[in-house]
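Please follow this account with the coordinates open beside the text, turning to each part as it is named.

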Amino acid sequence: MNEFQLYMQEMSQPMRDELTNAGFKELTTPEEVEGFMSNLEGTSLVVVNSVCGCAGGLARPAVLAALEEVKPDHLVTVFAGQDREATEKMREYFVGIEPSSPSIAILSGNQVAHFIPRDDIEGNEVEPIKENIIKGIQTI
């Protein structure tokens, strides 16, 4: 691992911890993504995490706030720009949806039932994002 990769890993660790400490399973390899997605049942909340400000100031806080009101069956995250192959593999399951970081996908089984792209996160407030997540989970 080169110095840049070490720096980015160290810098992104608190961003990872914010979700894993809330019960998210971090998927860091394509194999982990495939293992999770195969034979998946129930509802899942998938966060495509990122180092950008809208992830830290909006997406992650909105997700954590939403989880105080709704509890999907599974919580997972991939980290765009850090675990690239895992993120690319997860995005393969987001059929017809443009790559977006950060983003939030709500799955029914292994199908996307609701998707919140960066465009609906950046420039928004935490509360409407939280409500969008809750609405997406409750409609499944």
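The model shown here is a predicted one, and a convenient place to enter it is a charged side chain in a helix. At 16% relative accessibility, Lys89 counts as buried, because the limit for that class is under 20%. The side chain of Lys89 nevertheless meets that of Glu92 in a salt bridge, with 2.9 Å from N to O, and Glu92, for its part, is exposed, with a relative accessible area of 51%. Both residues belong to helix α4, which covers residues 84–92, and since they are 3 residues apart there, about one helical turn separates them. In general, an α-helix has 3.6 residues a turn, so residues three or four places apart point the same way.

This pair is one case of a wider pattern of charge pairing, for the structure holds 9 salt bridges. Another of them is formed by Lys130 and Glu69, whose closest N and O atoms are 2.8 Å apart. Lys130 lies in helix α5 and Glu69 in the loop between α3 and β3 (74–79), so this salt bridge ties together parts that are 61 residues apart in sequence. The two partners differ in their surroundings, as Lys130 is buried at a relative accessible area of 9%, whereas Glu69 counts as exposed at 51%. A further salt bridge joins Glu122 to Arg118, with the closest N and O atoms 3.1 Å apart; here Glu122 counts as partly exposed at 43% relative accessibility, and Arg118 is likewise partly exposed, with a value of 24%. Salt bridges that share partners also build one network, which joins Glu69, Glu127, Lys130 and Glu131.

From the loop that holds Glu69 one can step back along the chain to helix α3, which runs over residues 53–66. With its 14 residues, this helix reaches 19 Å from its first C-alpha to its last, close to the 20 Å expected at 1.5 Å a residue. Where along α3 does the helix bend? The bend, of about 30 degrees, falls at Ala59, and a proline, Pro61, follows within four residues. The buried residues of α3 are Cys54, Ala55, Leu58, Ala59, Arg60, Ala62, Val63, Ala65 and Ala66, so that Ala59, the site of the bend, is itself under 20% relative accessible area. The cover over these buried residues comes from several elements, including the helices α1 (3–20) and α5 (126–138) and the strands β2 (43–49) and β4 (103–108).

Strand β2 leads on to Thr43, which lies within it. Thr43 is buried, with a relative accessible area of 14%, and, leaving aside residues up to four places away in sequence, it touches Pro72, Asp73, His74, Leu107 and Ile140. Gly42, by contrast, is found in the loop between α2 and β2 and is partly exposed, at 31% relative accessible area. With the same sequence neighbours left aside, the contacts of Gly42 are Asp73, Leu107, Ser108 and Gly109; Asp73 and Leu107 are therefore touched by both Thr43 and Gly42. Although Gly42 and Asn2 are 40 residues apart along the chain, their C-alpha atoms are separated by 40 Å.

Two points of backbone geometry deserve attention, and it helps to recall that most residues other than glycine have a negative phi, and most peptide bonds are trans. The loop between α2 (30–37) and β2 also holds Asn39, whose phi is near 60 degrees, a positive value in a residue other than glycine. Asn39 is exposed, with a relative accessible area of 76%. The other point concerns the peptide bond between Ser101 and Pro102, which is cis, with omega at about -5 degrees; Pro102 has its place in the loop between α4 and β4.

The last stop is the largest pocket, which has a volume of about 260 Å³. Which residues line the largest pocket? They are Met1, Phe4, Gln5, Met8, Gln9, Arg16, Gly81, Gln82, Asp83 and Arg84. Helix α1 gives the most to this lining, with 5 residues, and α1 is also among the elements that cover the buried residues of α3.

Notes: Residues are numbered from 1 along each chain as its sequence is written. This is a predicted model: local features need pLDDT of at least 70, side-chain atom pairs count only at pLDDT 80 or more; totals for chains, interfaces and linings use all residues. Side-chain values use heavy atoms; hydrogens and water are left out. Helices (H or I, at least four residues) and strands (E, at least two) are DSSP runs, numbered from the N terminus. The expected span of a helix is 1.5 Å times one less than its number of residues. The bend at a residue is the angle between axes fitted to the seven residues ending there and the seven starting there. Buried means under 20% relative accessible area, exposed over 50%, partly exposed in between (1.4 Å probe, protein chains only). Contact means heavy atoms within 4.5 Å. A salt bridge is a side-chain nitrogen of Lys or Arg within 4 Å of a carboxyl oxygen of Asp or Glu. On a 1 Å grid over the protein atoms alone, a cavity is a set of points where a 1.4 Å probe fits but cannot get out, and a pocket is an open set with protein on both sides within 12 Å along at least five of seven lines; lining residues have an atom within 4 Å of a point. Grid points are joined across faces, edges and corners, and a volume is the space filled by probe spheres set on the points.
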